[in-house]
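Colleague: Could we go through this structure together? I should like to begin with the charged pairs and then move to other topics.

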Amino acid sequence: MHKTLQTVIGKTEINRDLILLLVIGGLYSLGIYLSNTFVNIYLWKQADGNYFTIAFYNLAIFILQPVTFIIAGKIAKKVDRVIVLRLGVIFLSLFFLMVLMIGENAAYFNILLGSLLGIGYGFYWLAFNVLTFEITEPDTRDFFNGFLGVLQSFGGMIGPFSAGFIISKMEANIGYSTIFTVSFILFICAVICSLFLKRRPAEGVYLFRRIVQERKKNKNWSRILNAHLFQGFREGIFLFVITIWVYIVTQSELSLGMFNLYFSGFSFVFYFLATKLIKPSTRKKAILIGSLMLYLSLFIIISHASYLTLIIYGIIIGIAYPIVNVPYISMTYDVIGKAWKAAELRIEYIVVRELFLNIGRVTSIIFFILGITFWETESIIPILLIVFGAMHLGVYFFVRQIYLTGPNKKEVLIKDQVSDEKNR
């Protein structure tokens, strides 16, 4: 494999840890995309269409994820980044093992399952972000991120479609058990791969609270955190409600897999185009256009939810997300790159960003739970989608006020200094 990659990237030097991290990232992407979409449907069917089961499952994920990020950041600073990565993959493996063991009673353990997944996400992504920065060099970073993007897009396209096909062709819950077993095996393979990563002893003081307080001194940092808060407001309920809607309309796991195939396919193409076409000077305009597309496309399915309109919606958001995320992620890194002690405190900056994102997600899910408690689900859910769907425009509202200045007081692009969690 080393020789194959060397052939692809030419004279650029690559090391064993870089290859292992790519393999782990690929196994993670395929394992998550294969099953995670269908866990919501699995729980939904067991709970006889009870939205509370799904809402509390996702709430547990988004509460435990930032809490784990904070703990993982301290372990990464005090012990070893590789151990943190290994913990993440182990907890993700335990999640799928628990789903298999509980079987048809999974809906009764929705909070436990969500907690395991949130803990796994927290450990995994904190370590993966930091290791990506440490293992790659300036001349290998573009190759790494590009190749990882291909693996993630590949997983996003074939994972849900393959899972939907398998489930639709098998009786009862055998299909679900099959895809959960495959995901479990993939994560066990990732655990094995992590054993070969070179240990990376940690150093430095963990200054999490200091970076939270940095908002008062750094306006750009405060604005980008507020942008992530509003991003979370939208994502909280959209991450599971649209999946449920597709299934309600079609009553078919294969159709849900096709929806994700269209979404991921268009995302793959437009991530490539956005990377090439969006320049630093047009970032804010691109974020506005993409955010408007995300919001306005919602009215296609609000007015008439059919499989065709859902597919159209999936295609539009597949185009919109890259238009938003490519410049948004770059601006986030530029702000961190110019922040106080960015090089030595990059872990803390990543953790605080994740905290604000998940505060937004948790808030929107709590409003969702309150909404379906006091009103009819059929009437309140469209209203909640319209209200929280508009929150992504808040991302533009805050980033438009961000100005990064160099010696000539002009807006400049700073080289990315940390790695992001892409397509999670």
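Modeller: Certainly. In this predicted model, Glu 348 and Lys 77 meet through their side chains in a salt bridge, at 2.7 Å from N to O.

Colleague: Which helices hold Glu 348 and Lys 77?

Modeller: Glu 348 lies in helix H13 and Lys 77 in helix H3, residues 51–78, so the salt bridge ties together parts that are 271 residues apart in sequence.

Colleague: Is Glu 348 buried or exposed? And what about Lys 77, buried or exposed?

Modeller: Glu 348 is buried, with a relative accessibility of 0%. Lys 77 is buried as well, at 4%.

Colleague: How many salt bridges does a search of the whole structure find?

Modeller: The search finds five salt bridges. Among them is one between Arg 361 and Glu 235, whose closest N and O atoms are 2.6 Å apart.

Colleague: Where do Arg 361 and Glu 235 lie?

Modeller: Arg 361 is in helix H13 and Glu 235 in helix H9, and this pair links distant parts of the chain, 126 residues apart. Both Arg 361 and Glu 235 are buried.

Colleague: What about Arg 283 and Asp 334?

Modeller: Their side chains also meet in a salt bridge, at 2.6 Å from N to O. Arg 283 belongs to helix H11, residues 283–303, and Asp 334 to helix H12, so the pair ties together parts that are 51 residues apart in sequence.

Colleague: What are the relative accessible areas there, for Arg 283 and Asp 334?

Modeller: Arg 283 has 8% and is buried. Asp 334 has 0% and is likewise buried.

Colleague: A change of topic, then. How many disulfides does the structure hold?

Modeller: It holds zero disulfides.

Colleague: Why is there no bond between the sulfurs of Cys 189 and Cys 193?

Modeller: The sulfur of Cys 189 has its closest cysteine sulfur in Cys 193, 6.9 Å away, which is too far for a bond. A disulfide would need the two sulfur atoms within 2.5 Å. From the side of Cys 193, the closest cysteine sulfur is that of Cys 189, again at 6.9 Å.

Colleague: And how accessible are they, Cys 189 and Cys 193?

Modeller: Cys 189 is partly exposed, with a relative accessible area of 33%, whereas Cys 193 counts as buried at 15%.

Colleague: On to the backbone. Which residues other than glycine have a positive phi, Gln 251 included?

Modeller: Gln 251 has a phi near 55°. Lys 341 is another case, with a positive phi of about 50° although it is not a glycine.

Colleague: Where does Gln 251 lie?

Modeller: Gln 251 is in the loop between helix H9, residues 219–250, and helix H10, residues 253–277. Gln 251 is exposed, with a relative accessible area of 52%.

Colleague: And what is the place of Lys 341?

Modeller: Lys 341 is found in the loop between helix H12, residues 307–337, and helix H13, residues 346–374. Lys 341 is partly exposed, at a relative accessible area of 40%.

Colleague: One last residue, Thr 309. Which helix does Thr 309 lie in, and what does Thr 309 touch?

Modeller: Thr 309 lies in helix H12. Leaving aside residues up to four places away in sequence, Thr 309 touches Ile 300, Ile 301 and His 304.

Colleague: Is Thr 309 buried or exposed?

Modeller: Thr 309 is buried, with a relative accessible area of 12%; the cut-off for that class is under 20%.

Methods. Residues numbered from 1 in each chain as written. Predicted model: local features only at pLDDT ≥ 70, side-chain atom pairs only at ≥ 80, totals over all residues. Heavy atoms only, no water. Helix = DSSP H or I, 4+ residues; strand = E, 2+ residues; numbered from the N terminus. Buried < 20%, exposed > 50% of the residue type's maximum accessible area, 1.4 Å probe, protein only. Contact = heavy atoms within 4.5 Å. Salt bridge = Lys/Arg side-chain N within 4 Å of Asp/Glu carboxyl O.
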